[in-house]
Amino acid sequence: MPLLALQRVHVHYGLIEALKGVSLTVEQGEIVTLLGANGAGKTSTLRAISGLVRPSAGRILLHDIDLTHRKPHEIVQFGVGHVPEGRRIFPRLSVEENLRLGAFTIRDRAELARRQEYVFTLFPRLAERRKQPGGTLSGGEQQMLAIGRALMMQPRILLLDEPSMGLAPVLVESIFEVLQRLNRDGTTILLVEQNARMALDIAHRGYVLETGQIVLSGSARDLANDPRVQAAYLGAA
Amino acid sequence: MTIAAPQRLTGGRRIDISQLIVWGIGGLLLTIVFLGSILTLRAGHYSAAQWRDFIVFGIAQGAIYALIALGYTMVYGVLRMINFAHGEVFMSGAMTTFFLADYLNRSGFLKSHPWVSLIAMLLFSGLVSMTVAVLVERIAYRPLRGAPRLVPLITAVGASFFLQYTFRGLFGSGVRAYPAIPVLQGKLWVFQKTQIAVFVGVLITLVLLVLFLQRTRAGLAIRAVAEDREAAALMGVDVDRAIVTTFAVGGFMAGIAGVLYALVFIQVQFFMGFLPGIKAFTAAVLGGIGNLPGAAVGGLVLGVIESIGPSLFFDGYGIRAAHQLKDVIAFTILVLILIFRPTGLLGERLGGEERL
Ligand SMILES: Nc1ncnc2c1ncn2[C@@H]1O[C@H](COP(=O)(O)OP(=O)(O)O)[C@@H](O)[C@H]1O
Ligand SMILES: [Mg+2]
């Protein structure tokens, strides 16, 4: 049984149908990437998983738990961590408060401190800025904070929505290294990216989304060698 | 796709007529206020002690506005909505507590245990207003959470009328006199003892509010929802619960304010929430809606201006009974702020408004 399964999920915004029956699975321990152009429906897919939008049809399962009509704050507690598009850190709250919110439902102080230390070992830059308001961090640091914040819940699966957006290549590289490290330590990852080359580099499998439908899927290597993917997403002639 | 962008009326260097008129009115008002103040001070009708008393009264009045204003501004923070029923939340606590106060007075308990009675009245009023605020949220606002912004505004007015006429129906339209608290009679140095009770009560409430927001999980949840509702939900914050907690806290403070108001003005009535409600809303806008320190400062500033303004600005022109102009001053301030500085004195402190 896959850790995460979407079964013919539809999402509507008013009359616009953003997802037209998306089915995909993520196995325990995998990095799966979801590729697609702007407006393809990648963000909508992640938002449906997290409960931020209600699917108009279809089912979403986390192992054997039906997430389909749960509220976002319940879905987090089942073990879905979401690093949203645009990072969405709390700009006026300190780095520590942002991290505290990441583990909002945990009350055990010792446990909270332990998890925070773990995030600081992953991203030492955040430790230096722990008292600073999130909004004063650089773009790269904010992305680290957004990821660290999602890790505070020790999610079974981490959803990332374009973590490379707006970041310098060096930073993107170091963030992707952290993702690989997390995955080696056992975190399952669903990675949404427009940067297909980097995403296919670290992913095991991938799906390609076009106007709300999955049009291609396969191993990362097969996708990277597929002429259609190369033409559309890897900038090859 | 080739529709020309409409010309902005106020765009570019062009100054259009309506702006000129607005600035003209603003300048005229400032001149009137400035000239009036000079004339008043020259005439010297008021002694220094009188000015001091005006200011002390203004601070007490303003502290009460501040408590009510915090409720407006906190709700605005989490919902980007003005809870126009908040004045009635304030009234509900003060009116209901009249019956407790009256009972304590008749039974003699108020005389034998004045402090216990006062604290009981404050807590009781806080709880009543809290309950009313939570009910208003559940019944009038929550079902309309996704509706256009105008809709909850209309239900707010409906809820206001509902509460006013419920209290009128239950308790009549007459004015009821709050019993005097024996230990709060008379003066201590230049202060009325009731004014001191107001300062202390407001100060303690503010300290508790700050501790609640900064030190508790529920407070953190409210701050997170105020900054980014969706991101807060992704953290596991139950947004509905954070919103209702905000109403509860704002309501509790309005209830405290209701009793303090009754201590100063001695009487309550079903319509008593209207003016303080609008004044406190003015204070919240004055400080920058959504900004907590702003609401407190805005309350104090408004209270003091209202208290010294009529005499200071208008007495010099020989206007009789100038103090009747104090409500005019408050509303003029509201309009001027909305026109010239809608973000308030301390500037807007909003996060992620576009993300709603
Ligand atoms: N809140 C919304 N309201 C209306 N349409 C939306 C909304 N969010 C997304 N859409 C539309 O849904 C489609 C998919 O968007 P999205 O999921 O954001 O795609 P992607 O993340 O792949 O760029 C687009 O056509 C977009 O315009
Ligand atoms: Mg997107």
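**Briefing: sheet, cavity, metal site and helix**

A:Gln7 stands opposite A:Arg59 in strand S4 of chain A. That pair belongs to a predicted model, and it is one rung in the pairing of strands S1 and S4 of chain A, which run antiparallel over 5 bridges. The points below start with this sheet. They then turn to a magnesium ion, a cavity, a long stretch of helix in chain B and some backbone angles.

**The sheet in chain A**

- Four strands of chain A make an open sheet, in the order S2-S1-S4-S5, with antiparallel pairing.
- S2 and S5 (65-66) are the edge strands, and each of them pairs on one side only.
- Strands of a sheet pair through backbone hydrogen bonds, either parallel or antiparallel.
- S1 covers residues 4-13 and S2 covers residues 16-26; 8 antiparallel bridges join them.
- Within that pairing, A:His10 stands opposite A:Lys20 in S2(A).
- S1(A) and S2(A) form a hairpin with 2 residues between them. In its turn, A:Gly14 has a positive phi of about 60 degrees.
- S4 of chain A takes in residues 57-62 and pairs with S1(A).
- A:Leu6 stands opposite A:Ile60 in S4(A).
- A:Leu4 has A:Leu62 as its bridge partner in S4(A).
- A:Leu62 also stands opposite A:Ile65 in S5(A).
- S4(A) and S5(A) run antiparallel and are joined by 2 bridges.
- These two strands form a hairpin as well, with 2 residues between them. A:His63 sits in the turn, with a positive phi of about 55 degrees.

**The magnesium ion**

- Which residues coordinate the magnesium ion (ligand 2)? They are A:Thr43, through OG1, and A:Glu85, through OE, at 2.0 to 2.6 Å.
- A:Thr43 lies in helix H1 (residues 42-50) of chain A, while A:Glu85 lies in the loop between S6 and helix H3 (95-102) of chain A. The pair therefore ties together parts that are 42 residues apart in sequence.
- A:Glu85 has a relative accessibility of 33%, so it counts as partly exposed.

**The second largest cavity**

- The structure holds 2 cavities of 30 Å³ or more.
- The second largest cavity has about 40 Å³ of space.
- Its lining draws on both chains: A:Val76, A:Arg149 and A:Met153 are among the residues from chain A, and B:Leu234 and B:Met235 come from chain B.
- Strand S6 (80-83) and helix H6 (139-151) of chain A each supply at least two lining residues.
- S6(A) gives the largest share of that lining, 3 residues.
- By class, the lining has 6 nonpolar, 3 polar and 1 charged residues.

**Helix H2 of chain B**

- H2(B) runs over residues 48-79, which is 32 residues.
- From first C-alpha to last, H2(B) reaches 45 Å, close to the 46 Å expected at 1.5 Å a residue.
- Is H2(B) largely enclosed or largely open? Of its 32 residues, 23 are buried, so H2(B) is largely enclosed by the rest of the structure.
- Just after H2(B), B:Arg80 takes a positive phi of about 55 degrees.

**A buried loop residue in chain B**

- B:Val237 is found in the loop between helix H9 (229-234) and helix H10 (239-265) of chain B.
- B:Val237 has a relative accessible area of 1%, so it is buried.
- B:Val237 and B:Arg142 are 95 residues apart along the chain. Their C-alpha atoms are separated by 17 Å.

**Positive phi in two loops of chain A**

- Most residues other than glycine have a negative phi.
- A:Arg88 is not a glycine, yet its phi is positive, at about 55 degrees.
- The loop between S6 and H3 of chain A holds A:Arg88.
- A:Arg88 counts as buried because its relative accessibility, 13%, is under 20%.
- A:Thr211 is not a glycine either, and it has a positive phi of about 40 degrees.
- A:Thr211 lies in the loop between strand S9 (205-210) and strand S10 (213-219) of chain A.
- Is A:Thr211 buried or exposed? Its relative accessible area is 53%, so A:Thr211 is exposed.

Technical notes
Residues numbered from 1 in each chain as written. Chains lettered and ligands numbered in written order. Predicted model: local features only at pLDDT ≥ 70, side-chain atom pairs only at ≥ 80, totals over all residues. Heavy atoms only, no water. 1 Å grid on protein atoms, 1.4 Å probe; cavity = no way out; pocket = protein on both sides within 12 Å on 5 of 7 lines; lining within 4 Å. Points joined across faces, edges and corners; volume = space filled by probe spheres on them. Nonpolar A, V, L, I, M, F, W, Y, C, P; charged D, E, K, R; others polar. Donors = N, O, S within 2.8 Å, 3.2 Å for Na, K, Ca; no water. Buried < 20%, exposed > 50% of the residue type's maximum accessible area, 1.4 Å probe, protein only. Pairing = 2+ DSSP bridges. Expected span 1.5 Å × (residues − 1).
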